[in-house]
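I wanted to get my bearings in this one before doing anything else. Here is my notebook, opened beside the model.

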Amino acid sequence: MALLEVRGLVKHFIGVTALDRVDLAVERGELVSLIGPNGSGKTTLFNCITGYVAADGGRAIFRGNDLTNVPPHRVARLGVARTFQQVSVFPRLSVLENLLVFLQQHQEEHLLARLLRTRRLRRLESEALERARRLLDLVGLSDNADDAAGSLSYGQRKLLAFAAALMPDPDLLLLDEPAAAVNPTMINQMKDHILALHRQGKTVLLVEHNMEVVMDISQRVVVLDHGQKIAEGPPDAIRRDARVIEAYFGR
Amino acid sequence: MPRAATLVLVGLVVAAPWLVAAAAPRQQRYVVHVLIFTALFAALALSYDLVVGHVGSLSLAHPAFFGVGAYTAAILATRAGWPFLADVHAAALAAAVVAAVVGVPLFRLTEHAFAVGTLGLGLVAWIVANNWVDVTRGPLCITGIPKPVLGLPGGPALAVTTLPGYYWLALAALAAVVLLYRRLTTFRLGRAFHAVRDNEPLAGAAGIDPLKYRLLAFTIGAALAGAVGALYAHYLSVMCPEEMTVALTVNLLVIVFLGGVGSLRGVLVGAVLFTALPEALRLAPTWRLVIYGALLLLVVVRSPEGIESLLRRASGARPGR
């Protein structure tokens, strides 16, 4: 069974069918891209999988767990990490704390243990610190570790959000437009980061508008248009697919 | 603040009744009375800041929890003869239970609706206190609440009868609240609270259940407010419905927001300034409220983030906690 299986997912917003019986399967270790014109339902699909939006029909199954009607924090703890299209950090936490907070809830502790700061908790915390520093190093934010995350530039916040999603070592990573609105150097950086994850065997589902990135790194591309899946296949085939060309450029 | 300076400050605060006695013997009773109020208000404001400052929910229900605690202690002490320490704990528990029960539906509301809902709860609590005459005696107030006696059943007991004695009791309570406040607002718990406050959807993606942490802060804040209410009732020996009106909310809002929301130092400074200041201004009775209002305006205009941000800029330090 695939790591993530989406079956017949339906979502209506007032007057619009955002998702129209979408099927999608992502195998362990795959790097899959989700593309489609604006408003085609890509982010809604992410939101349905991660519990931010309740689906009107169908299911999303992750490692055998039905994610339908599961709230975001539980989906996260099952091992699904996601980033947001609008850059999302905790502005008043420091850069380092932004990473730490993404791991600690996966090490559920009694309230009392947190209040008393038990020895076990302090050990977990120092391991988390080590991991956070390694990730900061990876994305080049080590010098900003103690700055408030709100003081970072747009691109830096994007890198921070990416690193934060990696903190709990998730089984599935959903990235929503990681290369949008950043400069070409950073686009290449992002591309390298995602490829590196793929080589480590991580499973990645990517929403991205930058076709160069999508075609370069994806093993498989899924195309949505008006909430329907209109095509699916390796990048080369998608590039030549008549329905995809029509969806993007019109007739 | 350097360690030495902190120690000196703590020493001065603890020795305050003697210092006052030496400096102004004839005013001692009055000044110590103001100091007791300041300590109690500081503790209450810290409990309030757990909710508004650290999980970012603008609750206006704090007088309700303060009142539930005060009435619980007053009733248990006068009618059931409960010992002081027992009725203080019962007061905290009663306020916490009320908060946990009303918190679940209230936190379904967001932002402004939440504020209005909690304001409603505060009003209902006040109306109940006024009208449930069988239990609260309504506007006749509960009187004759005994002075606190510290000690466990069977052991030695220490009655707190003097004003300085009560001041040290209030100070001990404040110290306990400060310790708990710091434990709650730093490290992993504090981080989870602040994550919910800063960005709720992202907190979900980090595996944090926003409702759980909001309820936790709300309930602990209420428990502490209930305990302070009990100390307050024992101190005044009278508990009336007027003690839990919206005026109390306004006071807390002034202390927390003009002091420094989400900051231990800011809230403490706010409590000292905005409890002691109106009293100090009694020296100029005619102009008292005018001066007080002008000072409030000045702080709002010059430093909208509260006095804490001024202190921070003055010391050139990083954001304090």
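My entries below go from chain A as a whole, through its parts, to chain B and the contact.

**Ground rules.** I am working with a predicted model, where local features need pLDDT of at least 70, side-chain atom pairs count only at pLDDT 80 or more, and totals for chains, interfaces and linings use all residues. Residues are numbered from 1 along each chain as its sequence is written, while chains are lettered from A and ligands numbered from 1 in the order in which they are written.

**Chain A, overall.** I looked up the elements and found 10 helices and 10 strands in chain A. These are DSSP runs numbered from the N terminus, with helices (H or I) of at least four residues and strands (E) of at least two. Along the principal axes, the C-alpha trace of chain A spans about 65 × 40 × 35 Å. The radius of gyration of chain A is 19 Å, which agrees with the value near 18 Å for a compact globule of 251 residues. That radius is taken over C-alpha atoms, and the globule rule is 2.2 Å times the number of residues to the power 0.38.

Next I checked burial: 43% of the 251 residues in chain A are buried. A residue is buried if 20 or more other C-beta atoms lie within 10 Å of its own, exposed if 12 or fewer, and partly exposed in between, with C-beta atoms placed from the backbone. I also looked at contacts, meaning residue pairs whose C-beta atoms, placed from the backbone, lie within 7 Å. Of the contacts in chain A between residues at least 6 apart in sequence, 67% join residues at least 24 apart.

**The sheet.** I traced an open sheet of four strands in chain A, in the order S2-S1-S4-S5, with antiparallel pairing. Two strands pair if DSSP finds at least two bridges between them. S2 and S5 of chain A are the edge strands, each pairing on one side only. S1(A), residues 4–13, and S2(A), residues 16–26, run antiparallel and are joined by seven bridges. I found A:Glu5 opposite A:Ala25 in S2(A). The hairpin of S1(A) and S2(A) has two residues between the strands, and A:Gly15 there takes a positive phi near 80°.

At the other end of the order, S4(A) and S5(A) pair in the antiparallel sense over two bridges. In this pair A:Ile61 stands opposite A:Asp66.

**Positive phi, no glycine.** I noted A:Arg63, which has a positive phi of about 50° although it is not a glycine. A:Arg63 sits in the loop between S4(A) (57–62) and S5(A) (65–66). It is partly exposed, with 16 other C-beta atoms within 10 Å. I then went to A:His226, a residue other than glycine whose phi is also positive, near 50°. A:His226 is in the loop between S9(A) (220–225) and S10(A) (228–233), and it counts as partly exposed with 16 C-beta neighbours inside 10 Å.

**Helix H6 of chain A.** H6(A), residues 154–166, has 13 residues and reaches 19 Å from first C-alpha to last, close to the 18 Å expected at 1.5 Å a residue. The expected span is 1.5 Å times one less than the number of residues. Is H6(A) largely enclosed or not? It is, because 11 of its 13 residues are buried. Among them are A:Leu159, A:Leu160 and A:Phe162. I followed the packing of the buried residues of H6(A) to S6 (80–82), H3 (95–104), H5 (119–139), S7 (172–176) and H7 (184–199) of chain A.

**Chain B, two spots.** I picked out B:Gly144, in the loop between H7(B) (133–136) and S1(B) (149–150). B:Gly144 is exposed, with 9 other C-beta atoms within 10 Å. Leaving out residues up to four places away in sequence, B:Gly144 touches B:Thr78 and B:Ser237.

B:Ala95 is one of the residues with the most contacts inside the largest nonpolar core, which has 177 residues. Such a core is a set of buried Ala, Val, Leu, Ile, Met, Phe, Trp, Tyr and Cys residues joined through C-beta atoms within 7 Å.

**Where the chains meet.** I looked up the contact last: 18 residues come from chain B and 22 residues from chain A. H9(B) (187–198) and H10(B) (200–205) each supply at least two residues of chain B's side, and H9(B) gives the most, with eight residues.

How values were computed: Contact = placed C-beta atoms within 7 Å.
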